[in-house]
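Please go through the following points with the model open beside you, and look up each residue as it is named. The points are meant to be read in order.

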Amino acid sequence: TALALRPVNADARCSRVIAQFFNGSRRQLNIRRYPTMQRRLLYVLAIPGDAATVVRLEMRCQPVRDRRVRIEVYAKRRGD
């Protein structure tokens, strides 16, 4: 299972992405491998294999050379 982030209107830097799961546990996802995310490109974040369904994301992101950035989130379920 994986999540993908896509900056829509500007390049972005995210310093933290935390997933909260249906069972109440929380995990920080590895966003450090993408120091700068270019707008309109997808960036895949792996979800731990033993994790349950993601119910919430907490993200700390900022735009690069712009005033604001909107980030779309995509998800893939097991078996899809």
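1. In this predicted model, R65 is exposed, with a relative accessible area of 72%. The residue sits in the loop between β5 (54-64) and β6 (71-76), and its backbone deserves a careful look, since R65 has a phi near 60 degrees, a positive value in a residue other than glycine.

2. The side chain of R65 meets that of D11 in a salt bridge, with 3.2 Å from N to O. This pair links distant parts of the chain, for R65 belongs to the loop between β5 and β6 while D11 belongs to strand β2, and the two are 54 residues apart. Is D11 buried or exposed? At 17% relative accessibility D11 counts as buried, because the cut-off for buried is under 20% relative accessible area, whereas R65, its partner, is exposed at 72%.

3. The salt bridge just described should be seen in its wider setting, as the structure holds five salt bridges. In general terms, side chains of opposite charge can pair when their charged atoms come close. A further example is the bridge between R26 and E58, whose closest N and O atoms are 2.7 Å apart; here too the pair links distant parts of the chain, with R26 in strand β3 and E58 in strand β5, 32 residues apart. R26 counts as partly exposed at 44% relative accessibility, and E58 likewise counts as partly exposed, at 26%.

4. Another salt bridge brings together the side chains of R6 and E72, at 2.7 Å from N to O. The pair links distant parts of the chain, R6 lying in strand β1 (residues 2-7) and E72 in strand β6, 66 residues apart. R6 is partly exposed, with a relative accessible area of 21%, and E72 counts as partly exposed at 23%. Please note as well that this pair should not be read in isolation, for R6, R70 and E72 are linked in a network of salt bridges.

5. How many disulfides does a search of the whole structure find? The search finds one disulfide, and it joins C14 to C61, with 2.0 Å from S to S. C14 lies in strand β2 (residues 11-21) and C61 in strand β5, so the disulfide ties together parts that are 47 residues apart in sequence. For a student meeting the term here, a disulfide is a covalent bond between the sulfur atoms of two cysteines.

6. Two further details of this disulfide are worth recording. The torsion about the S-S bond of C14 and C61 is about 105 degrees, so the disulfide is right-handed. As for the surroundings of its two ends, C14 is buried, with a relative accessible area of 8%, whereas C61 counts as partly exposed at 28% relative accessibility.

7. The next point concerns aromatic side chains, of which the structure holds one pair. Y34 and Y43 form this pair, with 5.0 Å from centre to centre and 70 degrees between the planes, an arrangement that is edge-to-face. The angle leads to that label because planes over 60 degrees apart count as edge-to-face. Y34 is buried, and Y43 is buried too.

8. P7 lies in strand β1, and with a relative accessible area of 0% P7 is buried. Leaving aside residues up to four places away in sequence, P7 touches a list of residues that includes A12, M37, R40, Y43 and R70. One of these contacts can be followed along the chain, since P7 and M37 are 30 residues apart in sequence and yet 6.9 Å apart in space, C-alpha to C-alpha.

9. Finally, R40, which is among the residues touched by P7, should be checked for its backbone, because at about 70 degrees its phi is positive although R40 is not a glycine. R40 lies in the loop between β3 (26-28) and β4 (43-46), and R40 is exposed, with a relative accessible area of 53%. A reader may wish to set this residue beside R65, for which phi is also positive, near 60 degrees.

How values were computed
Residues numbered from 1 in each chain as written. Predicted model: local features only at pLDDT ≥ 70, side-chain atom pairs only at ≥ 80, totals over all residues. Heavy atoms only, no water. Helix = DSSP H or I, 4+ residues; strand = E, 2+ residues; numbered from the N terminus. Buried < 20%, exposed > 50% of the residue type's maximum accessible area, 1.4 Å probe, protein only. Phe/Tyr/Trp six-rings, centres within 6.5 Å; stacked < 30°, edge-to-face > 60°. Disulfide = S-S within 2.5 Å. Salt bridge = Lys/Arg side-chain N within 4 Å of Asp/Glu carboxyl O. Contact = heavy atoms within 4.5 Å.
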